[in-house]
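Trainee: Could you take me on a close look at one part of this protein, the open sheet, and what lies across it?

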Amino acid sequence: LYPDRSSPTAKLESIMAVMTVMAHEKRSAANLDVGSAYLEADWVGQPAFIIIEKMLTTIFVHQFPELRTFVRTDGTILMRLIKALYGTLIAGKLWYDKLTGILKAKGFEPNPLDPCVMNKMIDGHQLTLVIFVDVILATSVDESALTWLMAELRAEFDEVKGGISDDFSYLGMHVRVNSGESKVTVSMEGYEDELMRFAEVTGTRKTPATAHLFSVGDSPKLGRSALAHFHTVVAKLLYLSLRTRPQVCTAVAYLTTRVTCANEEDENKLNRVLMFINGTRGNKLTLSCSGPLRVCGYVDVAFGSHDDGKSVTGVVHQLGEATVLAKSCKQKMVSKDSTEGELVGLTDRVDGVLRLDEFMREQGHDMDSPIIFQDNQSTICLVTKGGGKYRTVHLRVRQCRLKEKIERGELLVLYLSTGSMIADILTKPLQGILF
């Protein structure tokens with residue numbers, strides 16, 4: 001149903017949703033790391049062979065003299081794999097099958113929307129695991145369930161590091177659990193410090209972009225070396241923006257469209273984003289939910305912002321009060337007016353909202369129908385009442401599909417004024433008090 005369910009963005013959203021539930025239910029957490037994980041899995045299928053190059057062969061023979069008889073005339077050794085060696089095409093799959101096979105045998109069940117999220121009920125309490133290669137985040141109200149899990153994993157694998165903690169590092173994010181206030185804070189101070197050193201940034205700015213963000217300009221193009229550096233820094237910023245820095249998503253999303261053709265003006269825009277981060281170091285994303293766990297989506301569109309006439313879509317997914325996803329992206333097609341642009345943005349992003357809602361239902365939560373907030377009443381009228389004339393059948397299908405989902409009660413689309421539309425920050429470079 002959701003072809004992008006295994007995309008990096010969907011994976012990140014699953015992680016943030018689990019952390020939000022952890023805050024909501026005041027769960028404890030264990031951060032675990034399986035050492036030499038791939039080598040825990042046996043090679044399965046057709047035999048695979050590797051050639052050990054001459055220098056490494058010399059080291060191997062020094063450590064294991066019995067290998068000397070296998071050295072070939074060119075100084076190399078031919079070996080057959082019996083374990084899932086990192087770097088081979090199916091090693092990751094073999095490790096995943098090994099780990100999940102063990103967990104399933106112990107009663108864990110994968111979430112159909114994200115099979116790397118697994119659950120088990122122990123004494124009436126849910127134990128949830130989020131698997132990211134060899135790193136496992138485990139959460140439960142009952143700490144004894146976490147202790148049981150650690151003992152079981154250590155019985156299966158040679159090395160399992162980590163333990164129960166309310167302050168830990170997970171996938172480069174600094175996670176702090178404050179169960180007393182029912183909240184989890186996520187930050188990336190270390191990553192920000194490293195990025196500032198890499199980019200040699202010293203100044204600060206109050207906003208990440210000027211009002212002329214989408215203006216290409218006619219300044220000279222960057223040279224090959226400067227362009228490569230530009231591309232690297234933008235990629236690092238994209239990684240940061242999707243995790244803990246939604247304020248810079250709009251500027252970073254625009255800069256990603258310039259990585260192959262950046263000019264000096266783009267370089268100045270990049271430096272401004274970096275200076276904004278430098279001036280707001282230690283900024284934290286807070287995940288909390290004091291009310292019901294209901295999915296709300298905020299979708300906004302800035303019409304025709306790019307120089308090729310394409311619009312910008314901004315989307316925020318909230319679970320309770322927690323923002324579990326914030327994204328800004330350039331639309332794939334040119335729309336002829338703002339209503340059409342809003343329709344494209346709304347229909348592009350509805351699947352993501354429905355996916356999060358279904359993910360939570362599969363986690364065992366009783367969810368009300370998700371809500372999508374929109375600030376364009378013409379678009380709302382089109383998808384709730386129908387009508388209108390479109391230049392292509394594709395736009396008509398978009399409208400009818402969303403209208404059908406609304407009529408089935410799968411979601412609600414409600415009006416929200418532009419002043420209250422938090423996704424507005426993901427479509428344009430806001431300034432001052434509005435930012």
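**A close look at the open sheet**

Mentor: Sure, and let's set the scene: buried residues, meaning those under 20% relative accessible area with a 1.4 Å probe and protein chains only, make up 50% of the 435 residues in the protein. This is a predicted model, where local features need pLDDT of at least 70 and side-chain atom pairs count only at pLDDT 80 or more, while totals for chains, interfaces and linings use all residues. Residues are numbered from 1 along each chain as its sequence is written, and side-chain values use heavy atoms, with hydrogens and water left out.

The protein has eleven helices and 17 strands; these are DSSP runs numbered from the N terminus, with at least four residues for a helix (H or I) and at least two for a strand (E). Your sheet uses five strands, in the order E15-E14-E13-E16-E17, with mixed pairing. Strands pair if DSSP finds at least two bridges between them. At the edges sit E15 (322–330) and E17 (412–415), each pairing on one side only. From one strand to the next, the twist averages 20 degrees.

Now zoom in on E13 (residues 295–302), which pairs with E16 (residues 371–374) in the parallel sense over three bridges. Here you'll find Cys296 opposite Ile371 in E16.

What lies across the strands? Helix H9 (residues 338–362) lies across E13, E14, E15, E16 and E17, at about 160 degrees to E13. Helix H1 (residues 8–24) lies across E14 (312–319) and E15, at about 160 degrees to E15. Those angles run from 0 to 180 degrees between N-to-C directions, using axes fitted to C-alpha atoms, for helices over the stretch in contact (heavy atoms within 4.5 Å).
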